[in-house]
Amino acid sequence: MTTGAVLTMALAGCGGGDAGTGDGGGANALPGVDQYLNAPCPEAGAKPQTDKEFTYWAMWTADEPQGKVLQKAFKCFTEKTGVKVNVQWLGRKAYTQNIAPALNTDNVPDLFDQDVSKVSAAIVSAGGTQSVDDVFDLKVGEGDKKVKDVLTRTSYDFPQNKDKEGKTFLVPYEMLSNAWWYNKAQAKDLVAPKTVDELYGLFDKAKAEGKAAIAQDGDIPFYNMYFFTQFAERYVGAGGVAKAASDPTGQAWKTDPGFLKAAAETAKLPKHLIDGWDAAKFPQVQQRWADGDARFLYMGTWAPSETREYLDKQGAGTKLEYGSFQFPMPPGATHDTVEQIPIGFAVTKKAKHPEAAKAFIAYFLNKDILSGIPAVADNLVPRTDLAVPDDLKQAKAALDDEKKEHVLQYDGIDSLAGGKWQTEVFDPADLALLKGQSTPQQFIDQLATKGAAFWKSQG
């Protein structure tokens, strides 16, 4: 299974389905959807002076929750500026199947969206984007507030969101993160663990109560990536994992002892994984967690919307009381990290209407428009002044904690060499470690050896 295919499945749950998060009226439907969609349009802070239209290739489909939010934004933007939005609803594979191949032609959109790592891997490396630094000085339609005034700086100001010239290439509008998820009704009075030993104590308690500890869909490589990278980031800090993965000699994996420590911690987890984790087909194990067969699920902030959609489709009226907590600090670690996955807008290098595209970005970040992401799509946004879905409040608190060290998911190693480093070097070694087929030292040795061979083959 390719990374792209997995991304399509996983992010398909970013907004859940109509029954779970939209206006389908399921048992777990969120309130406020109709109120949002029927609310008056806010004024535009930035109005294009020359462009009268622009083209947008969307990573969503029109009937997804995010698609519904975007459709309202298009209508409002046209109403307030007179600018027409020509949209193509291409879905999650647009960046590889449509945008990347189009870069060598003149048939490119003005605006497109994806998560920052995928944009970097497929588009930026091909020189297909232009700077959006000027967007941060555009007004959003809330008095004198500009884009830079309403977004959290950590959501866009980080190394992996810079092109080769050091220019920002993506403006975020939705934020994903990761957490350990549990059902509060099943794990009563749970106290978030502060140490790994306390985490293992929760796993042991679950098994003593007749439950598997961890649900894991092992056929999805980037779900399997979570564990080692989470531990490693806490030992080496933001940028440390990416630096090691980019080392052409591979020796960085061996010179920093934090990586071996992270591998040793990762090797302790498999005995807590649910039976059949490495033989099931996604989303079977995730659904088993929703059914109560396992106590914990480590996943992105789309976990509630995905599992809610599944439960609603079962028609039994089952509801989960979602709780979450962050990975605790392993022994000797010094970096209190939180992972983030910004999804946002980028403007192509060959855009014919960049002024209108950038004005729309600023308009979408207006609080009255952006509030649709939590209200309709049950997801988080890179602003701190909008309502947060109850299921995600703990994850949002971690993202907004300025004391935490913000790290791009997997430290961005999934974007290296267009994603090939992950699939060719990391995934085989990681799966062997989780299956107990290699020791922590062998895992590190394999990353070093295979990594060096990989970069040599890249020239």
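The axes of helix 19 (residues 420–434) and helix 20 (residues 440–458) come within 10 Å and cross at roughly 165 degrees. Keep in mind that this is a predicted model. Besides that helix pair, there's an open sheet of 4 strands to look at, and helix 8 lies across strands of that sheet.

**Helix 19 and helix 20**

- Angles over 145 degrees count as roughly antiparallel, and with a crossing of roughly 165 degrees, helix 19 and helix 20 therefore run roughly antiparallel to each other.
- The crossing of helix 19 past helix 20 is right-handed.
- On the helix 19 side, the contact includes Trp421, Val425, Phe426 and Leu433, and the helix 20 residues they meet include Phe443, Leu447, Phe454 and Trp455.
- Sorted by class, this contact has 11 nonpolar, 3 polar and 4 charged residues.

**The sheet**

- Its strands go in the order 6-7-5-8, with mixed pairing.
- Strand 6 (212–215) and strand 8 (322–325) sit at the edges with a single partner strand each, so one side of each has no neighbour in the sheet.
- From one strand to the next, the twist averages 30 degrees.
- Strand 5 (residues 178–183) pairs with strand 8 in the antiparallel sense, over 4 bridges.
- Asn183 has Tyr322 of strand 8 as its bridge partner.

**Helices on the sheet**

- Helix 8 (residues 196–208) lies across strand 5, strand 6, strand 7 (294–300) and strand 8, and runs at about 115 degrees to strand 6.
- Helix 9 (residues 221–236) also packs on the sheet, where it touches strand 5 and strand 7, with its direction at about 85 degrees to that of strand 7.

Technical notes:
Residues numbered from 1 in each chain as written. Predicted model: local features only at pLDDT ≥ 70, side-chain atom pairs only at ≥ 80, totals over all residues. Heavy atoms only, no water. Pairing = 2+ DSSP bridges. Helix = DSSP H or I, 4+ residues; strand = E, 2+ residues; numbered from the N terminus. Axes fitted to C-alpha atoms, helices over the stretch in contact; angles between N-to-C directions. Contact = heavy atoms within 4.5 Å. Parallel < 35°, antiparallel > 145°, perpendicular 65-115°, else oblique. Left-handed = near helix turned anticlockwise from the far one by under 90°. Nonpolar A, V, L, I, M, F, W, Y, C, P; charged D, E, K, R; others polar.
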